[in-house]
Amino acid sequence: MIEPLSKNYKGLISITGPTKSGKSQLAEFLVKEQKSVTYIATSKPRLNDPVWQKRIDLHRMRRPDSWKLIENPKDICKEIKSIKETESILIDSIGGLVEHYLIEDEDHWENFQNKLLNCFIEENLCIVVVSEEVGWGIVPPTPIGHLFRERLTNLISLISRHSKKRLIAVNGIAIDLDKVGELIP
């Protein structure tokens, strides 16, 4: 049975799943008993996309007013370093960060990826990271779609390897990957 995190929990938790699987709700449930939560929403605004805006509005309505909110951060690591050790962080989602870096060459991407990983594991915080599962579906027909899928799946694999807890949400069901699986050597 999945339970909320203890109030003094420290460590990285990764949650993945497909679209509308319940991964964001699962992350919100895990941190609901934390003393203070900072929610980092990574998506860029899409003012001409009413469907996307509706999804963002649903996320906003679910969040307690007491949670701090950082939207579309330019430097997520700088934001994380500014957060007190008594706070917990929920990042929703890694796909938004990857989207920010699609125009960057491989060297810039690798530098960002390494900086982000170090930021996640160096800080003595509770950090819950939500990410989309995109590698189970159709192979993207465009180079930019392929690049997004490759960067996202690689980054979430690295985050998962450094996580203390790993969960996946599928059809509204949370699966604790640490209980049913093992890391591939």
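This is a short walk through two pockets in the structure above. Keep in mind as you look that the model is predicted.

Let's begin with the largest pocket, which holds about 1000 Å³ of space. Its lining is made of 41 residues, and the ones closest to the pocket's centre are Trp52, Arg55, His59, Ser93 and Glu132. Try finding these five in the 3D view, and you will have a good starting point.

Which elements build the walls here? At least two lining residues come from each of these: helix H1 (23-31), strand S2 (37-41), helix H2 (50-62), helix H4 (94-100), strand S5 (126-132) and helix H6 (143-161). Helix H2 gives the largest share, with ten residues. As for the chemical classes in this lining, 15 residues are charged, 14 are polar and twelve are nonpolar.

Now turn to the second largest pocket, with a volume of about 520 Å³. Here 18 residues form the lining, and Ser157, Ser160, Arg166, Leu177 and Leu183 lie nearest the centre. Strand S1 (11-17), helix H6, strand S6 (165-170) and helix H7 (177-180) each bring at least two residues to this lining. Helix H6 supplies the largest share, five residues. Sorted by class, the lining of the second largest pocket has seven nonpolar, six polar and five charged residues.

Did you spot a familiar name? Helix H6 supplies at least two residues to the lining of the largest pocket, and helix H6 also contributes to the lining of the second largest pocket. Following H6 through the model is a handy way to visit both places.

Methods: Residues are numbered from 1 along each chain as its sequence is written. This is a predicted model: local features need pLDDT of at least 70, side-chain atom pairs count only at pLDDT 80 or more; totals for chains, interfaces and linings use all residues. Side-chain values use heavy atoms; hydrogens and water are left out. On a 1 Å grid over the protein atoms alone, a cavity is a set of points where a 1.4 Å probe fits but cannot get out, and a pocket is an open set with protein on both sides within 12 Å along at least five of seven lines; lining residues have an atom within 4 Å of a point. Grid points are joined across faces, edges and corners, and a volume is the space filled by probe spheres set on the points. Helices (H or I, at least four residues) and strands (E, at least two) are DSSP runs, numbered from the N terminus. Ala, Val, Leu, Ile, Met, Phe, Trp, Tyr, Cys and Pro count as nonpolar, Asp, Glu, Lys and Arg as charged, and the others, Gly among them, as polar.
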